[in-house]
Amino acid sequence: MFTDDDVAFQRALLSNPADTTLKLVYADWLQDRADPRAEFVRLQVQLGGLIDSSAGPQAAGVFGTLGAEFDPAWTAFMTTLAQPFAPVRFQHDDPPHPFAEAVGTRGRVVTFGSQFCAPDEWDEGLLADLAFLTGVEWGECCYGAAACPMYGFVCRLEPGRHPLTGRDVIEAVRAGGFRSDHIATLDATAIPYPGYHPHTLNDEVHTDFADQCLFNHETAGAEDAGAHGALKGYVRGRLWYVLLHAGGWPCEQVTLLAVGHSPHGDRLVGAITSQVCHNLCD
């Protein structure tokens with residue numbers, strides 16, 4: 001459990017993740033209470049935020065050792081939404097992504113630039129989602145020509161969306177101009193895989209594990225194993241699989257998501273990656 005002052009600092013960091021002065025004040029406050037998390041926060045500031053393999057194995061090792069001592073939800077928050085937004089591109093040319101607004105990393109997760117930026121969006125359910133997302137080894141996209149890493153993903157979901165429909169998912173992931181000639185309706189709580197239809201309008205949203213392109217589905221028991229099994233076991237209800245083209249047809253790249261309803265609030269949680277379009281849709 002966090003004290004009221006601890007929560008106040010976390011809420012402030014959520015809305016001011018680039019404020020290193022605030023983080024150092026938080027570290028001083030922790031140190032005054034002999035709280036070992038102070039060293040963790042200072043190390044983050046000294047190394048420019050998120051400590052990962054790019055910071056070198058020694059720094060990453062120290063960071064991991066320190067983080068393991070603390071509440072995993074707090075560590076997850078400090079390495080995700082307590083970090084500033086950095087836009088990402090899912091292909092080399094414009095448009096950089098298939099979403100209606102900027103998408104990018106907040107430390108170790110991907111989300112939208114306008115979301116999780118206000119103090120009142122902090123709650124323990126959000127921290128539980130972050131702890132789950134940072135605790136999964138997402139690996140790489142299992143299908144396609146390129147070696148593309150997957151990342152944990154979180155976004156807002158409009159209240160009262162249970163069970164989810166395809167439309168709920170497409171709206172929540174901010175798909176910019178979803179287009180499909182092969183899905184009869186988005187207003188269903190389960191949608192079959194629309195099939196392989198090259199050279200047509202063929203964005204996808206469906207609930208068929210055997211036809212998604214992020215996780216292995218050719219091995220016996222794959223649906224309940226590894227990262228996919230962890231995600232399936234975590235979410236409330238079904239998992240949804242989304243394929244979005246980045247730009248018009250033909251395109252070089254698609255963005256892929258596997259998402260479900262958070263058990264802790266009005267959010268979608270899951271995984272996101274990109275892949276070259278060839279053999280996935282065109």
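**Close-up views of a predicted eight-stranded sheet model**

**View 1. Strands β4 and β8 pair in the antiparallel sense**. β4 covers residues 151-156, β8 covers residues 267-276, and six bridges join them. Strands pair if DSSP finds at least two bridges between them. Gly-152 has Ala-271 in β8 as its bridge partner. This is a predicted model, with pLDDT of at least 70 needed for local features and 80 or more for side-chain atom pairs, while totals for chains, interfaces and linings use all residues. Residues are numbered from 1 along each chain as its sequence is written, and side-chain values use heavy atoms, without hydrogens and water.

**View 2. Eight strands form an open sheet**. The order is β1-β2-β3-β4-β8-β7-β6-β5, and the pairing is mixed. β1 (85-87) and β5 (204-206) are the edge strands, each paired on one side only. On average, neighbouring strands are turned by 30 degrees against each other, direction ignored.

**View 3. Helix α8 lies across β6, β7 and β8**. The helix spans residues 226-234; β6 is 236-245 and β7 is 253-261. α8 runs at about 125 degrees to β6. Axes are lines fitted to C-alpha atoms, for helices over the stretch in contact (heavy atoms within 4.5 Å), and angles run from 0 to 180 degrees between N-to-C directions.

**View 4. The protein chain has eight helices and eight strands**. Both are DSSP runs numbered from the N terminus: helices are H or I, at least four residues; strands are E, at least two. Of the 282 residues, 50% are buried, meaning under 20% relative accessible area (1.4 Å probe, protein chains only).
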